[in-house]
Amino acid sequence: MTKSNPPHPETLALHAGWRADPATHSVAVPIYQTTSYQFDSTEQAANLFALKELGNIYTRIMNPTVDVLEKRLAALEGGVAALAVASGQAASALAVQNLARAGDNIVSATDLYGGTWNLFANTLKDQGIDVRFVDPEDPEAFARATDGRTRAYYGETLPNPKLRVFPIGEVATIGRRLGIPLIIDNTAAPLLVRPFAHGAAVVMYSATKWLGGHGNSIGGVLIDGGNFDWGAFPERQPLLNRPDPSYHGAVWSEAAKPLGPIAYILKARVTLLRDLGAAISPFNAFLILQGLETLALRMRAHSENAAAVTAFLARHPDVTRVIYPGRAEGLALARAAQYMPGGKGGLVGFELAGGAEAGRRFIDALKLFYHVANIGDSRSLAIHPATTTHSQLSPAEQAASGVSPGYVRLSIGIEHIEDILADLDQALAAARLVG
Ligand code: PLP
């Protein structure tokens, strides 16, 4: 490695944003469990509040432990700045509210995590923000749904259950012509998909999943790519280009300039996080930092194990279909190859010939896999959507969302592959005997 080469993800995950504690020389990032910070003087306090100087004021808006997490995530993603928040839900809400207000709209892919769908279809709608849903299969659908008050495009890299990779570059290019940034939820594919390299402007994560990896902390993050010229589109992006009465008339695309291309994340922190208060606790930030240290190793192990699981399932006589980016067909396979040149992630779907009853029996027979409504844990997880997450939908709605009666979702962990396959094998046998 020459000196000019940027560090690799494995290295950034251990080093970015932190060397040692200036006060104690602690190598591990301390948990700064404090609400507030002593000001040096009234002058310094005034400068901090006026953003003339950057520094700690109050943990709802910033905290030194959280700051390391933010710097590390920004470095890992190839962005310029990040904002960690209380959950993935808070991150997706703030991602949109930072650009759109009542009367505005965004265009989003239909294929979304259910919580995001509810947020968009109900809560944001109640707040006057219209979310127009389009099929991400056709990127031009985003252009067709756009009007003069469209402020952002939104997509999920690897939405389950269909596991079709979102056409990031295609939609980002359409948006950039119009001054519309693409926000990507990359929760299921950290390091495997690089949304900024394909033109996304903002990346968000539920840190609850693979970033933390240990299933012990809820958290979320927004990352600013620093690659979108907000000031070039004053009519399209009024919230970043008009005086903000909540901050002495600051125009964020201008006010952020001395600090770098961080207008989007700066505004989100000092207005939305200040006002809505979805702060992450320093303790959760610390736990997510522990998880991040092994992110690159884990994503490789998740992907290798999941690929082996799909090969096993594809050979099994009771399995009618396996859903995995590496096993898609046509356009979906081409997009998986383009956007996920390496590992294809830990999510796997499959259909049991025996339908809903077989699906239920299979889940009940699992011994190693946990039966939970979560994904992205180091442990292997499973759920039968037709009788749980999607049970309130009609059969037709279930089919439209990609959930058939016999569909099972797996989030493959990093246990030894032989143990994972043995558990699947015995559960499939149990599902067949009584199914
Ligand atoms: N985005 C995706 C893709 C998710 O899977 C989830 C949670 O399952 C979320 C966002 C919401 O994250 P959280 O549960 O941390 O609020």
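In the predicted model, the backbone of Q89 places a polar atom 2.9 Å from an oxygen atom of the ligand. Side chains provide further polar contacts. An N or O atom in the side chain of T208 is 2.6 Å from a ligand oxygen atom, and a polar side-chain atom of D185 lies 2.7 Å from a nitrogen atom of the ligand. The ligand, taken alone, exposes 390 Å², and 90% of that area is buried by the protein.

The ligand occupies the largest pocket. Its surroundings comprise S87, G88, Q89, Y113, E156, D185, T187, S206, T208, K209, G219 and I375. Classified by residue type, this shell contains seven polar, three charged and two nonpolar residues. Q89, D185 and T208, for which the distances to ligand atoms are given above, are among the residues of the shell.

At the level of chain organisation, the protein is divided into two parts, with domain 1 spanning residues 34–291 and domain 2 spanning residues 295–434. The centres of domain 1 and domain 2, taken over C-alpha atoms, are separated by 30 Å. Contact between the domains involves 29 residues of domain 1 and 35 residues of domain 2. With respect to the ligand, the surrounding residues include Y113 and I375; by the domain bounds, Y113 falls in domain 1 and I375 in domain 2.

Definitions and conventions. Residues numbered from 1 in each chain as written. Predicted model: local features only at pLDDT ≥ 70, side-chain atom pairs only at ≥ 80, totals over all residues. Heavy atoms only, no water. Near = heavy atom within 4 Å. Polar contact = N/O pair within 3.5 Å; in protein donor to acceptor, adjacent residues only side chain to side chain. Areas by Shrake-Rupley, 256 points an atom, 1.4 Å probe, with all protein chains shown as cover. 1 Å grid on protein atoms, 1.4 Å probe; cavity = no way out; pocket = protein on both sides within 12 Å on 5 of 7 lines; lining within 4 Å. Sits in = over half its atoms within 2 Å of the grid points. Nonpolar A, V, L, I, M, F, W, Y, C, P; charged D, E, K, R; others polar. Domains from an automatic or database assignment. Contact = heavy atoms within 4.5 Å.
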